[in-house]
Amino acid sequence: MNAIIEYLKELFGGIKTLLTGMKVTGYYFVHPKEITTQQYPENRKTLKMFDRFKGEVSMPHDENNQHKCTACSICEINCPNGSIEVISRQVEKEDGKKKKELDTYIYKLSMCTFCGICIKVCPQDAIVFSQGFEHAVYNKEKLIKTLNKPGSSLKEKVKE
Amino acid sequence: MEEFITNSKGKQEEEYIVNMGPQHPSTHGVLRLKISLKGETVERIEPHCGYIHRGIEKMCERLTYQQIIHLTDRMDYLSAHINNEAVCLLVEDALQIEVPERVKYIRTILDELTRLASHQLWWCAFGMDLGALTTYFYGLRDREHILDIFEETTGARLLQSFNVPGGFMNDIHPNFIKRVKDFIVYFRKKLPEYDELLTGNVIMKERTNDIGILSLEDAISYGVTGPSGRGSGFACDVRKHHPYSAYDKVEFREVLYTKGDSFHRYKARVEEMWESMKIIEQLIDNIPEGDYAVKMKPIIKLPEGEYYQRVEAARGEFGVYVLSTGEKYPYRIKFRSPNFSNLSAINKIAAGFKIADLVAIGGSLDLVIPDIDR
Amino acid sequence: MNNEQLKEKILSLDPSLNISEGPQYLTLSVTPEKLHNTALLLKNTSELSFDYLFCLTGNDLADACEVVYHLESTKHAHAIVLKAKTANRENALLPTVTDIWATADFHEREVYDLVGITFTNHPDMRRIFLDEEDWVGYPLRKDYTDNNIVTR
Amino acid sequence: MAFNIYDFTSFNQSIDKLLYDNLPPFWALIIEMTLIGVAFLLFYALVGLFLVYAERKVCAFIQNRVGPNRVGPYGIFQTFADFIKLLMKEIIHIRKADQFLFNLAPFIVIIASFMAIAAIPFGLGLHAIDFNIGVFYVMAVSSLGVIGILLAGWSSNNKYSLIGAMRSGAQIVSYELSVGMSLVTIVILAGTMQLSEIVEAQRNGWFIFTGHIPAIIAFLIFIIAGTAETNRGPFDLAEAESELTAGFHTEYSGIKFAFFFLAEYMNMFIVASIAATVFLGGWMPLHLGPLLTDLLGNWSLKFNTGVDFIPPFFWYMGKTLLVIFLMMWFKWTFPRLRIDQLLKLEWKYLLPINLFNIILMALIVLMGWHF
C-alpha cells in the first residue's frame, strides 16, 4: 500500500511541478505587455545611447573647424593594439620658431578594442568616444578613419 | 577513428567515437570533446582545447600594466570586470597603493553585478542544454538590466575595461545607484520565476540529480573552484577566505552544497545570485564620498619580484601571477583561469553517464571556452 | 599556520630544504630530483596537508626553466610556493606531480606546450593548445620568434 | 439539426455523379483521385506553413518576445519566405552516404503523414476515406514515419544521426503502445472504430465529458504519448539539438530538410486531429448534454441551436489548434527527458495507468455509468 501511495505522490508531485512551470510560461503568453524587445531599425530615431557608450574614437571640432589635438602622440604610444597613428608636420610660425602640428590623425577602427586608454591619457582631452555603433561597412578600408577634418587647425587657447 | 579496444572476452571492438565540437551547440564555444561511447553511455572524454588560443600571456609580455587590463576582459568575457580587478589589485598591492574606500565599494558592487549577469547567462544556457529553450530568453531579459547599468557607467556592456590601477576610468554615473536599486527590486521578483520554471521541474530534477558526481576530494585535487566546486562542498570562495576590495565589510554566506552532482552545482549558482543581491544591497547605500581613482604615475613599473593575486571570478578562482624584473612590462604573466581547471575534471565527472548527461554536466560546470584557451 | 610556523614545521621535516620569504608567500625551492618527494611531503603531512594546487606556472628564465607551484591547504588555510628549476633550458625535464594533484595534468600540459618543459611520468604529455604535429617552438620562451608577432 | 446545412455529402455526391455520368468509370476515378489529392496537397501545405508560423509566434510570446514581424503584417508571410529559401538552398550530397536511402527517407516520412491525414473527418461529408477501422488505420500509418527517420539516421553516415535515429526507434516502439491503448479506451466507449461514427456518437456530448474520469486520463495520456510520437519537445530526443546537433536530419539540407520539417508539423497536426476527433467530438459542435438540458431548460436548447450555425470545419480546426497549442506550450516550457527516463515514463507510468484505465472504462461502459 505504501508503495502505491509513494507512486501516486511521485506522480502527482511531478505533475504539479510541471504545471508550475506552465503557469510561468502561460503568464507571459497572455501578457504581451511584458515584451521588452526593441525594434531596432525602426526605433533608430528615438534610440539614444548612453553618454559614455564607447562607440568609436572621435575628435570633436568646434564651429571654426578647430580641434584640440597637439599631435603629442601619447595616445599612439598608449594604444595596446596600434590602432592610432598620429602624423605630424613641422610648421614655421610667424616668429620663426618651428612647431609640431597635427597633419592626419589615423584611427583604425578595425583594430580598436575600446579599452579607452587613449582618451584617458590625452592631456588636452582632444579625443572622445562618440556614440555611433553602426560600424558595419562593406570594405575594410573604410574602417581606417581620419579623425581630423580637412583644413582643421589647433584651437587657440590650448596653444601654450 | 580506427581505435580498437579489447573487451573482456578478448574480442576486439571498435570504439564509437563522437567528436562533440568544435562546432556544437552545447559546448558553448569552440571546445572539442572527443567522446568514446558505448551505446549512449560515455566511456571516456578527452577534451581538445586551443581552438581559440590567442596567446594572451605572450601578448602581455609586450604590454604595460594598464594595457594588460583590456586583454583580461577577453578571457572570461562574462566576468570581465572581475578579471580587470585582479590585475589592478595586483599592481596596487605591489606598489603598496591604498585605493580610496569609494573605489573598493564600487568595485565590489560591480563585481557582484558581473557575477549576477554571468550566472543569469549560465542559467539561460543551462536550461537550453537541457532542452528548455524558454529559459534563455527570460535570463537574457533580466541580464539586459545589468548590462544597461554597465553601459551607463562604464561605456561598454560586456568588455568594460573600467578598472585602472588605482581606481576607475571614470566616476560612477549619477544614475548608477538608482538603477542598481531598481534592478535589485526587479530581480528579487523575477528570480523566484527561475525556480518555478526550472529548479522545481521534475524533468530537470531527474536530469540532474545524482548525475555527474564530483567528490570533495576530487574537487580539491582537480582544483574545481567556484560554484562548481562549492557544489561539492569545497570551501573555495576567495571572497570569504582572502577578502579583497570591500568583501571584508559585508555579510554574506558562502554557498556550500555537499553532493557535488549537477543539481547541487545548479543550486549553488542560483543561491549565489541571492547572495550577490544581498551584498549589493549592503553596499549600495553606503558608497563613501571621495575620489574615484588615485593618481598614478603614467608609467607603472613593478618592483622586481613575484606577485600573485587571487580573486573570485564568476566561475571560480581567478589568479594572476606576475614575475617582474622591474621593467614596465611584466617578464612573465600567468593567468590562472578557473575554467581550465574545471574542464580538466570533466572526464572524472562525466565518464559512465549518458551522452545527454554530459551535456547537463557541461552546462552545470559553466565553461567559458576563451577562458580555457586564453 | 602563519609563515613562521610553516617554515619551522617544514624545516623540521626536511632540514635540507631551501626556504625564503617572499612578500606574500613562503617560497620553497627544490631541485628537480627532490621535487616529487617534497610535493608528497607537503601534501601528506597532516599538519601541512597542501591539498589544493591553485596555480602552476612555467617560467623561462635566462639560464633555465622554472616551474612555480602555488599550493594551499584547504584544511589549515595556509599557502606556500614551491619552485623547481630545471638543469638547463635545452632539455628541460621535471617530474610530474599529476599523481599528487590531479589538476596538474592539464597545467603541466600547458607548460609543456608553451614553455617547453617536459614532465616525466606524465600520463599524457602532449601539447594542449597548439597543434601537436606542426607547431615549432615554445611560444612563451623568450627566444621564440614568429613572423606573425605584431610589434607596435 | 442545423449543422446539416453544412453537409458536404450531397455536394460530393453531385460531383461524383457528374464525373461518372460523363466519363468512363476509370477516368472518372482517376480525376476524382487527382482532385482529392490536389485538395489535400494544398491543405497540407497551407496547414504546414500556418503551423510553422503559429509555432514561431506562440513560442515568441511564451518567451517574452515579438516573433516574426518583418515579412508581411505581423510576419504572416515569414514561413513562405522561409519555404522559398529552403527551396533555393543547395542540396548537399554526402559522400559515403547511402544515396538511395538518403534520398528516400524524407519521402517515407512525408508519405506516412500524408496517408494518415486521409482518414480524418474534417466535417460532415468532408472525408477522403471512411474506413470502418479508421482508428486502427491512423495508428498503423502514422507510425510508419519512424522507418523514414531510421533510414535517414542510418544512411546519413553521421554518428549523431545514427544515435538520433536509434533513440527515435526506441521511443516510437514504446509510445505506440500508449497511443493505441488510450484510443482503445475510447473505442470501448464508442463501440466502433469508424471515425465518422465516433464523431457521430459524440452528438450529445464529447467523449471527454461523457466518459469523464477514464476519458480524461486517456486524453492526457494520448497527448503525452502523441507528443512523444511526433518527436516534439520535451520528447525531442531524436533531434535533441543541444546533444545531437539535429539528430537524424543533421545532414539534410534544402528541400529535403523541409520535408522533415513539414512532416514534423503535420504529424503534430494529425495527432491533434485524432485527439480532437476521438476525445473532443471532431467537427461536432459543443452541445450541452441531456443532464444540463434538464438543468437549464430552454436556454440550453437555444445554445445548442446557436452553436450549430458555426461550420463544423471551424469546430474541428478550433479543437485541433487548441490541442496543438497545448503541445506547443509543453515544448516551450519543459526540459528534454533523457532516453532512459523517456522509457521509464512510458513503462512505469503511462502503460500501467493506461491498462488500469481500460479496465475502468470497460467497467463504466458495462455498468452504464457514463453520461
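## Briefing: how the four chains are put together

B:Ser245 is a buried residue, with 23 other C-beta atoms within 10 Å. That's a handy place to drop into this structure, which is a predicted model. From there, we'll look at an unusual backbone angle, see which chains touch, and then go inside chains C and D. One fact to keep in mind along the way: among the 5 pairs of chains that touch, chains B and D share the most contacts.

**Two odd backbone angles in chain B**

- Most residues other than glycine have a negative phi.
- B:Ser245 goes the other way: its phi is near 45°, a positive value in a residue that isn't glycine.
- Look for B:Ser245 in the loop between α10 (238-241) and α11 (262-284) of chain B.
- B:Asp366 also has a positive phi without being glycine, this time near 55°.
- You'll find B:Asp366 in a loop as well, between α14 and α15 (369-373) of chain B.
- Is B:Asp366 buried or exposed? It counts as buried, because it has 27 C-beta neighbours inside 10 Å and the cut-off for buried is 20 or more.

**Who touches whom**

- Where chains B and D meet, 26 residues of chain B are in contact with 22 residues of chain D.
- On chain B's side of that meeting, α4 (101-130), α5 (134-154), α7 (202-208) and α14 (355-365) each supply at least two residues.
- Sorted by class, the side of chain B that touches chain D has 13 nonpolar, 6 polar and 7 charged residues.
- Chain D also meets chain A, with 10 residues of chain D in contact with 12 residues of chain A.
- The side of chain D that touches chain A has 7 nonpolar, 2 polar and 1 charged residues.
- What about chains C and D? No contact joins them, and their closest C-alpha atoms lie 25 Å apart.

**Chain C from the outside in**

- Chain C has 3 helices and 7 strands, and along the sequence they come in the order α-β-β-α-β-β-β-β-α-β.
- Taken along the principal axes, the C-alpha atoms of chain C fill a box of roughly 50 × 30 × 25 Å.
- A compact globule of 152 residues would have a radius of gyration near 15 Å, and chain C, at 16 Å, agrees with that.
- Of the 152 residues in chain C, 41% are buried.
- If you take the contacts in chain C with a separation of 6 or more, 48% of them are between residues 24 or more positions apart.
- Which residues have the most contacts inside the largest nonpolar core? They are C:Leu82 and D:Ala275, in a core of 276 residues.
- Setting aside neighbours within four places in sequence, C:Leu82 is in contact with C:Leu28, C:Val30, C:Thr38, C:Ala39, C:Leu42, C:Tyr69 and C:Leu71.
- C:Lys43 sits in helix α2 (residues 32-44) of chain C and is partly exposed, with 19 other C-beta atoms within 10 Å.
- Why isn't C:Lys43 called buried? Its 19 neighbours fall short because buried takes 20 or more.
- Beyond its neighbours within four places in sequence, C:Lys43 is in contact with C:Ser49, C:Phe50, C:Asp51 and C:Ile100.
- C:Lys43 and C:Arg141 are 98 residues apart along the chain, and their C-alpha atoms are separated by 30 Å.

**Chain D and its two domains**

- Chain D splits into domain 1 (8-88) and domain 2 (92-367), and the C-alpha centres of these two domains lie 19 Å apart.
- The contact between them takes 18 residues from domain 1 and 20 residues from domain 2.
- On the domain 1 side, α1 (9-22), α2 (25-62) and α3 (78-88) of chain D each supply at least two residues.
- The largest share of that domain 1 side, 11 residues, comes from α2(D).
- By class, the domain 1 side divides into 13 nonpolar, 4 polar and 1 charged.

**A helix with a buried side: α5 of chain D**

- Helix α5 (residues 134-142) of chain D has these buried residues: D:Gly134, D:Val135, D:Val138 and D:Ser142.
- They cover an arc of only 105° around the axis, so they lie on the same side of α5(D).
- The general rule behind this kind of pattern is that an α-helix has 3.6 residues a turn, so residues three or four places apart point the same way.
- The buried residues of α5(D) pack against α4 (99-118), α6 (145-155), α7 (159-190), α8 (195-200) and α12 (254-278) of chain D.

Key. Residues numbered from 1 in each chain as written. Chains lettered and ligands numbered in written order. Predicted model: local features only at pLDDT ≥ 70, side-chain atom pairs only at ≥ 80, totals over all residues. Contact = placed C-beta atoms within 7 Å. Helix = DSSP H or I, 4+ residues; strand = E, 2+ residues; numbered from the N terminus. Nonpolar A, V, L, I, M, F, W, Y, C, P; charged D, E, K, R; others polar. Rg over C-alpha atoms; globule rule 2.2 N^0.38 Å. Buried ≥ 20, exposed ≤ 12 C-beta atoms within 10 Å, placed from the backbone. Arc of directions from axis to C-beta. Core = buried A, V, L, I, M, F, W, Y, C linked by C-beta atoms within 7 Å. Domains from an automatic or database assignment.
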